[in-house]
Amino acid sequence: MGLKYRVYLEGNCTVYGCIKCGTHLAMSEAIMSKQFQGQHGQAYLFDEVVNISFGKAEDREMSTGLHRVRDIHCIQCASLLGWTYVKAYDNDNRYKEGKFILERKLLRDLAMAKVHPKSRK
Ligand SMILES: [Zn+2]
């Protein structure tokens, strides 16, 4: 597990990391919408997410209809973080294809100056 390349994000915006291990996942400027609901309440739709692994693709009935999705996990600690849309069966939801949902409660805000991504326990 420890050999996988980890991307280090930086920029003039908030970086979101895994709640458990702090691995960088996404930047606030990649947020497309904050109007999503996950298992734990509010969730964000991101254009781009890094340092994740994917579960099996499966069809899932969601509040906005049937979608083919894959769960996404942190590559470092394997925590379930959200899901990605592989396919939307409804035209109105096509914009979500290839995008990522991260649950707000499973993210921590990282202040750029304090981040030490290479530190391990
Ligand atoms: Zn993690």
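Biologist: Which residue in β9 stands opposite Ala-43?
Modeller: Glu-103 does, with Ala-43 facing this residue of β9. Keep in mind that this is a predicted model, where local features need pLDDT of at least 70, side-chain atom pairs count only at pLDDT 80 or more, and totals for chains, interfaces and linings use all residues. Residues are numbered from 1 along each chain as its sequence is written, and side-chain values use heavy atoms, with hydrogens and water left out.

Biologist: What makes β4 and strand β9 a pair?
Modeller: Strands are DSSP runs of E, at least two residues long, numbered from the N terminus. Two of them pair if DSSP finds at least two bridges between them. Strand β9 (residues 100-103) and β4 share four bridges, in the antiparallel sense, so they pass the test.

Biologist: How many bridges join strand β3 to strand β4?
Modeller: Five, and β3 (residues 31-38) runs antiparallel to β4 (residues 41-46). A hairpin of two residues links β3 to β4, and Gly-38 sits opposite Gly-41 in β4.

Biologist: On to the metal. Which residues coordinate the zinc ion?
Modeller: Cys-18, Cys-21, Cys-74 and Cys-77, each through its SG atom, at 2.3 Å. Donors are N, O or S atoms within 2.8 Å of the metal (3.2 Å for Na, K and Ca), so these sulfurs qualify; water is not among the atoms, so sites may look incomplete. Along the chain, the donors follow the spacing C-x2-C-x52-C-x2-C. Cys-18 lies in strand β1 (residues 15-18) and Cys-77 in the loop between β7 (65-74) and β8 (80-88), so the two tie together parts that are 59 residues apart in sequence.

Biologist: Why is the arrangement around the zinc ion called tetrahedral?
Modeller: Four donors earn that word if all angles lie between 85 and 135 degrees. Here the angles run from 100 to 116 degrees, so the arrangement is tetrahedral. The ideal angle for four tetrahedral donors is 109.5 degrees.

Biologist: Does Cys-18 count as buried or exposed?
Modeller: Buried means under 20% relative accessible area, exposed over 50%, and partly exposed in between (1.4 Å probe, protein chains only). Cys-18 has 0% relative accessibility, so this cysteine is buried. Cys-77 has 29%, so this one counts as partly exposed.

Biologist: What makes the contact of Glu-58 and Arg-60 a salt bridge?
Modeller: The term needs a side-chain nitrogen of Lys or Arg within 4 Å of a carboxyl oxygen of Asp or Glu. The side chains of Glu-58 and Arg-60 meet at 2.8 Å, N to O, so they fit the rule. Glu-58 and Arg-60 also belong to a network of salt bridges with Asp-71. The structure holds six salt bridges, among them Arg-104 with Asp-109 at 2.8 Å and Glu-97 with Arg-94 at 3.1 Å.

Biologist: How do you know that Arg-94 is partly exposed?
Modeller: Its relative accessible area is 34%, so Arg-94 falls in the middle class. Glu-97, at 28%, is partly exposed too, and so is Asp-109, at 46%.

Biologist: Which strand gives the most to the lining of the second largest pocket?
Modeller: β3, with three residues. A pocket is an open set of points, on a 1 Å grid over the protein atoms alone, where a 1.4 Å probe fits and protein lies on both sides within 12 Å along at least five of seven lines; lining residues have an atom within 4 Å of a point. The lining includes Gln-35, Phe-36, Gln-37, Trp-83 and Tyr-85. Both β3 and β8 supply at least two lining residues.

Notes:
Four donors count as tetrahedral if all angles lie between 85 and 135 degrees; four count as square planar and six as octahedral if opposite donors are over 155 degrees apart and all others between 65 and 115; anything else is irregular.
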